[in-house]
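Subject: Structure for you to look at

Dear colleague,

I am handing over the structure we spoke about, with the sequence alongside. Please have it open while you read, since the notes below go through what was found in it.

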Amino acid sequence: MADSNAKTNSTERSFEADLLTFFNDRTQDGDARHLVYRHLIDRDPERLETLLEQAVDDPFIPLRYLAIQ
């Protein structure tokens, strides 16, 4: 059972890392990146400041607006 939990945690961390990579790729669709942003901060609210620091000059205006607020 412990091995199954370790595998699940590893998969979740990998998924979160993939989402973060997607969010940081500014060539991706802005709406999709905003959705990923919402998911990431819902799962880990302490990540908010770090994500928004990167979005100050984001090409997707809603993300840039959130960063400047």
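In helix H2, the buried residues are Gly30, Arg33, Val36, Tyr37, Leu40 and Ile41. These residues cover an arc of only 130° around the axis, which puts them on the same side of H2. As background, an α-helix has 3.6 residues a turn, so residues three or four places apart point the same way. On the face of H2 turned away from that buried side sit the exposed residues Asp31, Leu35 and Asp42. Please keep in mind throughout that this is a predicted model.

As for the helix itself, H2 runs over residues 30–43, and its 14 residues reach 20 Å from the first C-alpha to the last, close to the 20 Å expected at 1.5 Å a residue. At the start of H2, a side-chain oxygen of Asp29 comes to within 3.2 Å of the backbone nitrogen of Asp31.

To set H2 in the chain as a whole, there are four helices and zero strands, and reading along the sequence gives the pattern α-α-α-α. The chain has 69 residues, of which buried residues make up 23%. Its accessible surface comes to about 5000 Å², with 54% of that belonging to carbon and sulfur atoms. Where contacts join residues at least 6 apart in sequence, 42% of them link residues at least 24 apart.

The largest nonpolar core has 12 residues, namely Leu19, Phe23, Val36, Tyr37, Leu40, Ile41, Leu51, Leu52, Ala55, Phe60, Leu63 and Ala67. Helix H1 (2–24), H2, H3 and H4 each supply at least two residues of this core, and H2 gives the most to it, with four residues.

Leu40, which belongs to this core, may be a useful residue to follow outwards. Leaving aside neighbours within four places in sequence, Leu40 is in contact with Glu16, Leu19, Leu20, Phe23, Arg47 and Leu51. One of these partners, Glu16, is found in helix H1, and at 13% relative accessibility Glu16 counts as buried, because the cut-off for that label is under 20%. With the same neighbours in sequence left aside, Glu16 is in contact with His39, Leu40, Arg43 and Arg47.

The other region I would point you to is the loop between helix H3 (48–54) and helix H4 (61–68), where Asp58 has its place. Is Asp58 buried or exposed? At 1% relative accessibility, Asp58 counts as buried. The side chain of Asp58 reaches the backbone nitrogen of Phe60 at 2.8 Å, and Phe60 is itself one of the core residues. Not counting residues up to four places away in sequence, Asp58 touches Arg26, Arg33, Leu63 and Arg64; of these, Arg33 is among the buried residues of H2, while Leu63 is part of the nonpolar core.

Pro59 also lies in the loop between H3 and H4. Leaving aside its neighbours within four places in sequence, Pro59 is in contact with Arg26 and Arg64, and both of these arginines are also touched by Asp58. The C-alpha atoms of Pro59 and Thr27 are separated by 9.0 Å, although the two residues are 32 residues apart along the chain.

With best wishes

Notes: Residues numbered from 1 in each chain as written. Predicted model: local features only at pLDDT ≥ 70, side-chain atom pairs only at ≥ 80, totals over all residues. Heavy atoms only, no water. Buried < 20%, exposed > 50% of the residue type's maximum accessible area, 1.4 Å probe, protein only. Polar contact = N/O pair within 3.5 Å; in protein donor to acceptor, adjacent residues only side chain to side chain. Contact = heavy atoms within 4.5 Å. Areas by Shrake-Rupley, 256 points an atom, 1.4 Å probe, with all protein chains shown as cover. Expected span 1.5 Å × (residues − 1). Arc of directions from axis to C-beta. Core = buried A, V, L, I, M, F, W, Y, C linked by side-chain atoms within 4.5 Å.
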